[in-house]
Amino acid sequence: MEQYDLAVIGSGPGGYVAAIRSAQLGYKTLLIEKYDTLGGTCTNVGCIPTKALLDSTHHYYDAVNKFQTHGIDLESVKLNFEQMYKRKTDVVLKNTQGLDYLMKKNKITCMQGTASFIDNSTLEITAGDGGISVIKADQYIIATGSKPASVPGIEIDKKRIITSTEALSLQEQPKSMIIIGGGVIGVEMASIFNRIGTQVTILEYAGELIANMDHDLGKNLKKILIKEGIQIHLQKSVYKAENFGNSAKVWFKDSNGQEQELEAEYVLVAVGRKANTQNLGLENTEVQLNPKGMIVVNEELQTSVPNIYAVGDVIGGAMLAHKAEEEAVFVVESINGQKPHIHYNRIPSVVYTWPEVSSVGYTEEELKQKGLEYTVGTFPFSANARARAGMDTEGFVKVLADPKYGELLGVHIIGARAADLIAQAVVGLEYEVTADDMSRISYAHPTYAEVLKESYTIASGRPSINI
Ligand code: FAD
Ligand code: NAD
């Protein structure tokens with residue numbers, strides 16, 4: 001029986017990063033993945049293909065709606081849906097090939113198969129061809145990720161009632177689509193399809209879109225998406241969906257309990273994701289699950305079995321690729337006797353709509369709930385020279401800071417390039433810099449980042465020069 005220092009189950013951002021860090025530290029490492037390609041949800045059906053399609057559809061949207069104003073007259077703009085999807089597939093392939101290369105480079109053994117614990121220290125791996133291997137490792141990391149959840153009463157048939165996964169391999173452009181859930185997947189998928197002419201309707205249970213973020217972001221995003229043609233209905237609870245062959249129908253209630261129905265070519269269910277723990281043989285171990293089916297870990301990310309750790313979506317928290325990566329490095333370096341740290345409150349979130357939305361630290365709602373005092377500094381992109389030059393004037397930055405010492409408490413952005421701008425705010429929060437300090441460093445002109453400078457200035461109690 002082959003013996004390893006560390007065996008990692010699942011090859012998503014949690015798994016492949018853990019395997020590489022483990023090999024870098026000199027451990028004999030095994031990475032097990034049930035699918036044929038490495039990369040997990042993120043690379044195959046998550047972060048990467050959605051961003052490829054968001055970028056393609058953004059270009060198309062601008063060509064149709066903005067180029068003329070820039071003085072670029074195109075004879076005709078035609079959408080080639082097949083090519084758009086083919087490019088997305090090529091981008092995914094480049095990334096999965098990149099992971100194959102990294103595994104070889106780091107001399108990591110990769111096994112294709114479904115891993116299942118026989119006991120606390122033995123794993124059985126069943127390959128696609130039915131072949132079975134049994135291995136032992138000193139330490140295990142479970143990084144089996146998550147899969148789409150649904151609503152009780154709604155069966156995802158993958159034909160007319162689909163999830164983001166099926167939406168990424170459609171054969172032709174949908175004419176109409178109802179999206180259940182106005183969270184991150186809901187608004188990113190709505191953007192992709194609306195930009196190329198699909199009639200999109202979002203039905204969201206909460207009172208805001210992207211309701212886990214600062215509510216001012218969701219409010220602003222809603223206005224922008226409605227202007228772009230997406231229909232958005234908040235406070236709608238969808239309880240049933242049915243496939244009618246060439247279309248699908250949903251039934252939902254509004255906040256007064258009034259029942260309504262809606263029909264479209266596709267219904268896309270985006271109501272959250274659930275931990276992937278089936279067929280892992282956890283019943284043969286002492287690993288505990290919480291009532292939501294997620295693996296319970298302590299602060300060291302250790303399960304109830306000391307030599308079995310778990311990271312990423314399977315333990316819950318923010319279901320983000322970079323959160324899984326941080327946890328992977330944290331666990332391997334802890335096993336190695338190092339003293340790494342993770343500040344969960346300083347992990348940024350990004351929504352890749354256009355404009356993009358990003359956030360780090362506390363939201364205003366959280367500060368109110370905690371009874372903490374704060375100052376607010378907001379500044380609109382419409383007053384920024386670079387944004388006007390680029391025709392990207394929607395959105396704002398909102399900085400929340402401690403009124404006494406000026407420490408940054410939260411930074412929330414909706415605006416062009418928000419995904420990249422947030423990195424600077426993360427540095428500010430991580431090193432407990434004050435809003436005043438952040439406003440007194442030099443920002444190149446003209447840049448979108450100057451909207452941050454203005455917001456830090458206002459949050460620190462001084463007036464902006466530019467508004
Ligand atoms: P996963 O990536 O889910 O990987 C788990 C792997 O384990 C899978 O490959 C699975 O096949 C394998 N596995 C499961 N069980 C077994 C078993 N028993 N044996 C062997 N292998 C097994 N996050 C971001 O940060 N940015 C984004 O832009 C973003 N976009 C997203 C878009 C979509 C449409 C979706 C669905 C998600 C997106 N996410 C994004 C979330 C991100 O994909 C996840 O947070 C991330 O993939 C979690 O990584 P993980 O390693 O925990 O699990
Ligand atoms: P989510 O939790 O962000 O949003 C789900 C939404 O569905 C919620 O707003 C909820 O109120 C709504 N909902 C639930 N039941 C409903 C019902 N019956 N009727 C109407 N609305 C209902 O989940 P998601 O959008 O599915 O995304 C799953 C995970 O994937 C998230 O945790 C997210 O972090 C991750 N993800 C991240 C990115 C990114 O980082 N850019 C992109 C996509 C996905």
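**Ligand environments and selected side-chain pairs**

In this predicted model, a polar backbone atom of A321 lies 2.9 Å from an oxygen atom of ligand 1. Two further backbone positions approach oxygen atoms of ligand 1: a polar backbone atom of G14 at 2.9 Å, and a polar backbone atom of M319 at 3.2 Å. On its own, ligand 1 exposes 990 Å², of which 95% is buried by the protein.

The surroundings of ligand 1 comprise 39 residues, and those that come nearest are E33, T41, K51, D313 and A321. By class, this shell divides into 16 nonpolar, 18 polar and five charged residues. Several secondary-structure elements each contribute at least two residues to the shell around ligand 1: the helices α1 (13-24), α2 (40-45), α3 (47-65) and α8 (321-335), together with the strands β2 (29-33) and β4. The greatest contribution to the shell around ligand 1 is that of α2, with four residues.

Ligand 2 is surrounded by 22 residues, the closest being I185, E188, E204, G272 and V350. Its shell contains 13 nonpolar, four polar and five charged residues. Helix α6 (184-195) and strand β12 (237-243) each supply at least two residues of this shell, and the largest share, three residues, comes from α6. At the level of domains, residues of the shell around ligand 2 are given both by domain 1 (2-147 + 274-342) and by domain 2 (161-271), so ligand 2 lies between these two domains.

Polar atoms of the backbone also approach ligand 2. A nitrogen atom of ligand 2 is 2.9 Å from a polar backbone atom of V238, and a nitrogen atom of the ligand lies 3.1 Å from a backbone N or O atom of Y205. For V184, a polar backbone atom is found 3.3 Å from an oxygen atom of ligand 2. Taken on its own, ligand 2 has 850 Å² of accessible area, and the protein covers 78% of this area.

Aromatic side chains were examined next. With a limit of 6.5 Å between ring centres, the count comes to three aromatic pairs. One of these pairs is formed by F117 and Y140, whose geometry is edge-to-face, with 5.1 Å from centre to centre and 75° between the planes. F117 belongs to strand β4 (residues 114-119) and Y140 to strand β6 (residues 132-142), so this pair ties together parts that are 23 residues apart in sequence. Both F117 and Y140 are buried.

The rings of F381 and Y448 form a tilted aromatic pair, at 6.3 Å centre to centre and with 40° between the planes. This pair links distant parts of the chain, 67 residues apart: F381 is in the loop between β20 (375-380) and α10 (385-389), whereas Y448 is in the loop between α12 (435-439) and α13 (450-459). F381 has a relative accessible area of 0% and is therefore buried. Y448 is likewise buried, with a relative accessible area of 5%.

A polar contact between side chains involves K249, a residue of strand β13 (residues 248-253). The side chain of K249 contacts that of E261 at 2.9 Å. The relative accessibility of K249 is 18%; as the limit for a buried residue is under 20%, K249 counts as buried.

How values were computed: Residues numbered from 1 in each chain as written. Chains lettered and ligands numbered in written order. Predicted model: local features only at pLDDT ≥ 70, side-chain atom pairs only at ≥ 80, totals over all residues. Heavy atoms only, no water. Near = heavy atom within 4 Å. Polar contact = N/O pair within 3.5 Å; in protein donor to acceptor, adjacent residues only side chain to side chain. Areas by Shrake-Rupley, 256 points an atom, 1.4 Å probe, with all protein chains shown as cover. Nonpolar A, V, L, I, M, F, W, Y, C, P; charged D, E, K, R; others polar. Domains from an automatic or database assignment. Phe/Tyr/Trp six-rings, centres within 6.5 Å; stacked < 30°, edge-to-face > 60°. Buried < 20%, exposed > 50% of the residue type's maximum accessible area, 1.4 Å probe, protein only.
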